[in-house]
Amino acid sequence: LADFKMYRLNVWQRSASPWIRMTDWKACYEEYTEEEMAGEDCVLSIDLSKTRDMTCLSAVFPREDGEFRILSKFWLPREIVDANSHLAPFQEWEHSKVLTVTEGNVIDYVPVEAAMLAWCKKFNVLSLVYDPTFANELTQRVCDETGKERFEYPQKPVVMGPGCDEFERAVLAHQFHHNGNPILTWQVGHVQVKVIPM
């Protein structure tokens with residue numbers, strides 16, 4: 001049924017059993033802009049892809065009241081966008097400038113690195129967190145240029161578990177705020193929880 005809706009009716013599907021309910025996520029919406037966050041403390045995180053997956057750069061801003069705000073940027077290669085427009089409104093996101101599309105069939109890391117350096121100038125970046133799978137070299141260059149400290153955050157359950165628990169708690173308490181980025185909302189709606197037997 002999900003395949004029929006997506007491929008025949010152009011109805012984009014979310015997870016059948018989502019981790020985060022959309023009602024809770026929508027309740028976390030708060031109106032703010034990148035310019036309004038200039039000079040604020042934040043932690044940068046980068047997840048680099050190569051071909052079919054999105055590259056994402058996020059800045060998470062801890063607030064004095066114990067709450068958080070997030071800003072995110074996303075990249076995809078042109079060939080992936082053109083070949084998969086039936087899966088999600090990639091071209092619409094490109095036109096609204098929430099998705100940066102790089103030419104060819106692989107991610108161009110040059111604009112990603114430029115965005116990281118720009119945010120290091122715009123915000124008071126406390127540290128940079130990265131998945132070492134693809135991002136070791138790029139983050140090393142950024143940290144050498146900016147003097148920021150970096151920390152590995154490999155995508156393994158034992159590493160991600162505590163952070164996921166805190167993210168879930170903050171969303172359910174409506175303390176993790178987003179400004180309505182449609183890609184971030186789309187991705188949150190696809191997350192499922194897999195319980196690993198002990």
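Which backbone oxygen does the side chain of Ser49 reach at 2.7 Å? In this predicted model, the backbone oxygen in question belongs to Asp53.

## The loop around Ser49

Ser49 is found in the loop that runs between strands E1 and E2. Although part of a loop, Ser49 is buried, because its relative accessible area is 2% and the limit for a buried residue is under 20%. Besides reaching Asp53, the side chain of Ser49 makes a polar contact of 2.9 Å with the side chain of Thr55. When neighbours within four places in sequence are left aside, the contacts of Ser49 are Met54, Thr55, Ile107, Tyr109 and Phe134.

## Helix H5 and the nonpolar core

Helix H5 covers residues 109–122. The length of H5 can be checked by a short calculation: at 1.5 Å a residue, its 14 residues should span 20 Å, and the end C-alpha atoms are 20 Å apart, so the two values agree. At the start of this helix, a side-chain oxygen of Asp108 comes to within 3.0 Å of the backbone nitrogen of Val110.

The buried residues of H5 are Val112, Glu113, Ala115, Met116, Leu117, Trp119 and Cys120. Several elements take part in covering them, including strand E1 (41–47), strand E2 (55–62), strand E3 (68–77), strand E5 (124–130) and helix H6 (132–146).

The largest nonpolar core of the model contains 50 residues, and Trp25, Ile46, Leu99 and Phe123 have the most contacts inside it. H5 gives the most to this core, with six residues. Ile46 illustrates how separate parts of the chain are brought together: leaving out residues up to four places away in sequence, Ile46 touches Thr55, Cys56, Leu57, Val112, Met116, Leu128, Val129, Tyr130, Asp131, Ala135 and Thr139. Two of these partners, Val112 and Met116, are also listed among the buried residues of H5.

## Helix H7 and what follows

Helix H7 (residues 157–172) has 16 residues. From its first C-alpha to its last, H7 reaches 21 Å, close to the 22 Å expected at 1.5 Å a residue. Phe167, Ala170 and Val171 are the buried residues of H7. These buried residues pack against helix H2 (22–27), strand E3 and strand E7 (176–177). After H7 comes His174, which has a positive phi near 60 degrees.

## A meeting of distant residues at Pro18

Pro18 is located in the loop between helix H1 (2–8) and H2. With a relative accessible area of 37%, Pro18 is partly exposed. Along the chain, Pro18 and Gly189 are 171 residues apart, yet their C-alpha atoms are separated by 6.1 Å. Not counting residues up to four places away in sequence, Pro18 touches Gly189 and Val191.

## Salt bridges

The model has a count of eleven salt bridges. Three of them are set out below.

| Residue pair | Closest N and O atoms |
|---|---|
| Glu34 and Lys122 | 2.9 Å |
| Arg78 and Glu103 | 3.6 Å |
| Arg141 and Glu137 | 3.3 Å |

The salt bridge between Glu34 and Lys122 links distant parts of the chain, with Glu34 in the loop between H2 and E1 and Lys122 in helix H5, 88 residues apart. Glu34 is partly exposed, with a relative accessible area of 24%, and Lys122 likewise counts as partly exposed at 24% relative accessibility. Glu34 and Lys122 also belong to a network of salt bridges that links them with Glu35 and Lys73.

Arg78 and Glu103 form a salt bridge that again joins distant parts of the chain: Arg78 is in helix H3 (residues 78–83), Glu103 is in the loop between strand E4 (99–102) and H5, and they are 25 residues apart. Glu103 is exposed, its relative accessible area being 59%.

The salt bridge of Arg141 with Glu137 lies within one helix. Arg141 and Glu137 are four residues apart in helix H6, so they are separated by about one helical turn. Arg141 counts as partly exposed at 34% relative accessibility, whereas Glu137 counts as exposed at 59%.

Technical notes. Residues are numbered from 1 along each chain as its sequence is written. This is a predicted model: local features need pLDDT of at least 70, side-chain atom pairs count only at pLDDT 80 or more; totals for chains, interfaces and linings use all residues. Side-chain values use heavy atoms; hydrogens and water are left out. Helices (H or I, at least four residues) and strands (E, at least two) are DSSP runs, numbered from the N terminus. The expected span of a helix is 1.5 Å times one less than its number of residues. Buried means under 20% relative accessible area, exposed over 50%, partly exposed in between (1.4 Å probe, protein chains only). Contact means heavy atoms within 4.5 Å. A polar contact is a pair of N or O atoms within 3.5 Å; within protein, one must be able to donate a hydrogen and the other to accept it, and residues adjacent in sequence count only if both atoms are side-chain atoms. A nonpolar core is a set of buried Ala, Val, Leu, Ile, Met, Phe, Trp, Tyr and Cys residues joined through side-chain atoms within 4.5 Å. A salt bridge is a side-chain nitrogen of Lys or Arg within 4 Å of a carboxyl oxygen of Asp or Glu.
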